[in-house]
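Biologist: Please show me the structure, and let me ask how each label is earned.

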Amino acid sequence: MASYGGGIVCVFIVLCVAVPSLATVYNVGESSGWTVGVDYTNWTSGKTFMVGDSLVFNYGSGHTVDEVSGSDYNTCTVGNSIKTDNSGTTTLLLNTAGTHYYICGVIGHCGSGMKLAVTVADGGVTAAPSESPPPTTTALPPPVTFTAPPGSVLPQPSKSVTLSPFVAVVTAWVAFFKFVIL
């Protein structure tokens, strides 16, 4: 019986670890990247940006990613950036709701279309600022299923309780130590 309990615990641990990240990573401009000649207003249409999502700007030398105010975005004013980067790959965590504005700080590039406005919805999530890029996987893993032995009665899930992934992981570890280690 202990091995059956251990098997359930292992399945439970796998389910808890397989909880996917709810954040989405957006590659700005898709395969074109961050460059002159891309319609970034069209690129944002149909996308819903949420707190916790990330923008990845991929670009060649001679470009920058500057976060700017709404007025600097509208007038393509360079030199007043809130943040700037010219590393070639810039990953920005969208950690606050509202509209965020980005331009290329090279004179003339913003006027040629290198500007992006992203409206971020709160969604009830607060993301902590981070310097490291988030995971790039956004697809959900296939569902994990198992079959109970004949004659077993499995409890039915409650429709009124939501179990947080953290509680699930802690519960799995307690069960693991109780049934497998002891």
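Modeller: In this predicted model, G29 lies in the loop between β1 (25–27) and α2 (40–44).

Biologist: Why is G29 called buried?

Modeller: Its relative accessible area is 8%. Buried means under 20%, so G29 counts as buried.

Biologist: Which residues is G29 in contact with, leaving aside its neighbours within four places in sequence?

Modeller: Those residues are Y40 and W43. The cut-off for a contact is heavy atoms within 4.5 Å.

Biologist: How far apart are G29 and V56?

Modeller: In sequence they are 27 residues apart, and in space 9.3 Å, C-alpha to C-alpha.

Biologist: What makes C76 and C110 a disulfide?

Modeller: Their sulfurs are 2.1 Å apart. The limit is 2.5 Å, so the pair counts as a disulfide. It links distant parts of the chain, with the two positions 34 residues apart in numbering: C76 is in the loop between α3 (70–75) and β5 (83–85), and C110 is in the loop between β7 (98–103) and β8 (115–121).

Biologist: Why is this disulfide called left-handed?

Modeller: Because the torsion about the S-S bond of C76 and C110 is about -65°.

Biologist: Are C76 and C110 buried or exposed?

Modeller: C76 has a relative accessible area of 24%. Partly exposed runs between 20% and 50%, so C76 is partly exposed. C110, at 3%, counts as buried because the value is under 20%.

Biologist: Why does C104 not bond to the closest cysteine sulfur?

Modeller: That sulfur is in C110, 8.5 Å away, which is too far for a bond. C104 is also buried, at 0% relative accessibility.

Methods:
Residues numbered from 1 in each chain as written. Predicted model: local features only at pLDDT ≥ 70, side-chain atom pairs only at ≥ 80, totals over all residues. Heavy atoms only, no water. Helix = DSSP H or I, 4+ residues; strand = E, 2+ residues; numbered from the N terminus. Buried < 20%, exposed > 50% of the residue type's maximum accessible area, 1.4 Å probe, protein only.
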